[in-house]
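Biologist: Before we discuss individual residues, I should like to know the terms on which each label is given. Please set every value against its criterion.

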Amino acid sequence: MRLPCYFVGYTTPMNTYSVEEVLVSAISAADEAALRTLSGMVYPPEKLAGICQPASAPAPSLEWPAGQAERVFLLRRDGQVVATSRFLPRRIYTQQGPLDVLALAGVKTHPEFRGLGLGSAVVRAALSHVDRGAFPVSLFQTGVPEFYEKLTCRHVTNPFTNRLAADPAKTPWSESPWWEAHAMIYPAAYPWPEGPIDLCGPAW
């Protein structure tokens with residue numbers, strides 16, 4: 001299902017760009033192929049192989065309300081996908097109890113189109129679902145925290161774990177499930193809980 005486009009205010013003499021919002025359950029085979037191609041341009045092979053496909057754990061997508069269903073955001077130029085982001089619903093466990101978060105993932109911009117604000121556009125489109133009240137907060141990981149700080153996100157330093165990890169021999173807090181250096185939330189002003197946090201599934 002293709003949802004209404006977000007006009008992002010980026011215009012050249014030849015093009016006006018908009019961000020398309022598509023339910024992941026309805027994404028076309030052509031767009032899936034385009035996203036794989038973009039991933040190959042953005043990530044070196046050794047890193048791409050180590051990034052897991054995000055999943056809506058612990059509940060499958062069909063158990064979430066329609067307003068929280070997993071979505072992908074596409075920005076095209078001349079029919080080619082040049083920037084993308086996605087979100088999925090995740091239930092994590094904090095010292096204050098369960099918390100449903102917008103799990104931001106898959107943020108990518110074609111190398112030839114960086115510096116034009118396209119990455120910010122697809123991230124803002126995803127995070128707008130927090131602004132609308134579908135989720136109270138977004139949680140994600142990144143290696144470029146400065147980019148997200150400009151979008152009013154902030155770094156959090158809780159110890160994170162995944163109690164559902166495949167290797168039960170690991171002690172619960174011995175290794176973070178994140179593969180990037182920084183965990184961040186949006187909005188920065190959200191009253192984020194202190195203490196250990198269980199992702200209750202793989203990182204995204």
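Modeller: A residue is called buried when its relative accessible area is under 20%, exposed when it is over 50%, and partly exposed in between. The model to which I apply these terms is predicted.

Biologist: Why is Glu20 called buried?

Modeller: The relative accessible area of Glu20 is 17%. The cut-off is under 20%, so Glu20 counts as buried.

Biologist: Why does Arg76 count as partly exposed?

Modeller: Arg76 has 21% relative accessibility. The partly exposed class lies between the limits of 20% and 50%, and Arg76 is therefore placed there.

Biologist: What makes the contact of Arg76 with Glu20 a salt bridge?

Modeller: The criterion is a side-chain nitrogen of Lys or Arg within 4 Å of a carboxyl oxygen of Asp or Glu. The closest N and O atoms of Arg76 and Glu20 are 2.5 Å apart, so the pair qualifies as a salt bridge. Arg76 lies in strand β3 and Glu20 in strand β2, 56 residues apart.

Biologist: Which residues are linked with Arg76 in a network of salt bridges?

Modeller: The network links Arg76 with Glu20 and Asp31. Asp31 and Arg76 have their closest N and O atoms 3.0 Å apart. Because Asp31 belongs to helix α1 and Arg76 to strand β3, this pair ties together parts that are 45 residues apart in sequence. Asp31 itself counts as buried, at 5% relative accessibility.

Biologist: Why is strand β3 described as largely enclosed by the rest of the structure?

Modeller: Five of its seven residues are buried, so the description follows. Strand β3 also runs antiparallel to strand β4, to which seven bridges join it. The two strands form a hairpin with two residues between them, and Asp78 in the turn has a positive phi of about 50°.

Biologist: How do you know that Arg90 has no salt bridge?

Modeller: The nearest side chain of opposite charge, Asp198, is 7.4 Å away from the buried Arg90. A salt bridge requires a distance within 4 Å, so this separation does not qualify. The side chain of Arg90 does reach the backbone oxygen of Leu199 at 3.0 Å, and a polar atom of that side chain lies 3.4 Å from the backbone oxygen of Gly201.

Biologist: With which residue does Asp198 form a salt bridge?

Modeller: Asp198 forms one with Arg163, the closest N and O atoms being 2.7 Å apart. Asp198 counts as buried at 8% relative accessibility, whereas Arg163, at 55%, counts as exposed.

How values were computed
Residues are numbered from 1 along each chain as its sequence is written. This is a predicted model: local features need pLDDT of at least 70, side-chain atom pairs count only at pLDDT 80 or more; totals for chains, interfaces and linings use all residues. Side-chain values use heavy atoms; hydrogens and water are left out. Buried means under 20% relative accessible area, exposed over 50%, partly exposed in between (1.4 Å probe, protein chains only). Helices (H or I, at least four residues) and strands (E, at least two) are DSSP runs, numbered from the N terminus. Two strands pair if DSSP finds at least two bridges between them. Lys and Arg count as positive and Asp and Glu as negative; His and the chain ends are not counted. A polar contact is a pair of N or O atoms within 3.5 Å; within protein, one must be able to donate a hydrogen and the other to accept it, and residues adjacent in sequence count only if both atoms are side-chain atoms.
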